[in-house]
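I set out to record, entry by entry, what I looked up in this structure. The entries go from the sheet to the core, and then to single residues.

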Amino acid sequence: SFEFAQADAQTAGRFVDALMLFGIGASWGGFESLATVSNVAGTRTCTDWSRAGTIVRLHIGLEDPQDLIEDLAQAFVRIQA
């Protein structure tokens, strides 16, 4: 997971939509890579989440690691344009 410290949920959603190799959703134990925007404040119960950023959660599957890195890099470029 990582945090878009300066971005809102809409930007994080555009990032997830820009990914080509990652599916969208949470992992249920499959073998494919997935990404989703996470509402940490709405799901955490034991600790207070007071950070202002938006979390993108990644589930890494069996794809080639370099392909996944390149996919993440192109998605970052696309949301900056």
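**Entry 1. The sheet**

In what order do the 4 strands of the open sheet stand, and what is the pairing? I note beforehand that the model is a predicted one. I read the order as 1-4-3-2, with mixed pairing. Strand 1 and strand 2 are at the edges with a single partner strand each, so each has one side without a neighbour in the sheet.

I then looked up the pairings of strand 4. Strand 1 pairs with strand 4 in the antiparallel sense, over 3 bridges. Within that pairing I found F4 bridged to T54 and F2 bridged to V56. Strand 3 and strand 4 also run antiparallel, joined by 5 bridges. On strand 4, I55 is the residue opposite S38.

**Entry 2. The chain as a whole**

I counted 3 helices and 4 strands in the chain. Read from the N terminus, the elements follow the pattern β-α-β-β-α-β-α. Of the 81 residues, 33% are buried. I also looked up the contacts with a separation of 6 or more: 65% of them join residues 24 or more positions apart. The accessible surface is about 5500 Å², and carbon and sulfur atoms hold 54% of that surface.

**Entry 3. The nonpolar core**

Which residues have the most contacts inside the largest nonpolar core? I found F4, F15, L19, F22 and V56, in a core of 15 residues. Helix 1 (9–18), strand 4 (54–59) and helix 3 each give at least two residues to this core. I set beside this the general remark that nonpolar side chains tend to be buried together in soluble globular proteins.

I followed L19 further. Leaving aside residues up to four places away in sequence, L19 touches A35, D71, L72, Q74 and A75.

Next I turned to helix 1, where T11, A12, G13, F15, V16 and A18 are buried. The elements against which the buried residues of helix 1 pack are strand 1 (2–4), strand 2 (23–24), strand 3 (34–38), strand 4 and helix 3.

**Entry 4. Strand 4 and H59**

How many residues of strand 4 are buried? I found 5 of its 6, and I therefore enter the strand as mostly covered.

H59 belongs to strand 4. Is H59 buried or exposed? I enter H59 as buried, because its relative accessibility is 16% and the cut-off for buried is under 20%. Beyond residues up to four places away in sequence, H59 touches F22, G25, A26, S27, E32, S33 and L34.

**Entry 5. Aromatic pairs**

I counted 6 aromatic pairs. In one of them, F2 with F76, the ring centres are 5.7 Å apart and the planes stand at 50°, so I enter the pair as tilted. F2 is in strand 1 and F76 is in helix 3, so this pair ties together parts that are 74 residues apart in sequence. F2 is partly exposed at 21% relative accessibility. F76 is also partly exposed, with a relative accessible area of 31%.

I looked up F4 with F76 next. The ring centres of F4 and F76 are 6.0 Å apart with planes at 55°, so this pair is tilted as well. F4 lies in strand 1 and F76 in helix 3, so the parts tied together are 72 residues apart in sequence. F4 itself is buried, at 10% relative accessibility.

Which residues do the ring pairs link into a cluster? I found F2, F4, F15 and F76.

**Entry 6. I79**

I closed with I79, which is in helix 3 (residues 65–80). Its relative accessibility of 14% makes I79 buried. Which residues does I79 touch, not counting residues up to four places away in sequence? I found F4, T11, R14 and F15. Of these, I had already entered F4 and F15 among the core residues with the most contacts, and T11 among the buried residues of helix 1.

I also looked up I79 against G13. The C-alpha atoms of I79 and G13 are 9.8 Å apart in space, while the two residues are 66 residues apart in sequence.

Terms used. Residues numbered from 1 in each chain as written. Predicted model: local features only at pLDDT ≥ 70, side-chain atom pairs only at ≥ 80, totals over all residues. Heavy atoms only, no water. Buried < 20%, exposed > 50% of the residue type's maximum accessible area, 1.4 Å probe, protein only. Contact = heavy atoms within 4.5 Å. Core = buried A, V, L, I, M, F, W, Y, C linked by side-chain atoms within 4.5 Å. Pairing = 2+ DSSP bridges. Phe/Tyr/Trp six-rings, centres within 6.5 Å; stacked < 30°, edge-to-face > 60°. Areas by Shrake-Rupley, 256 points an atom, 1.4 Å probe, with all protein chains shown as cover.
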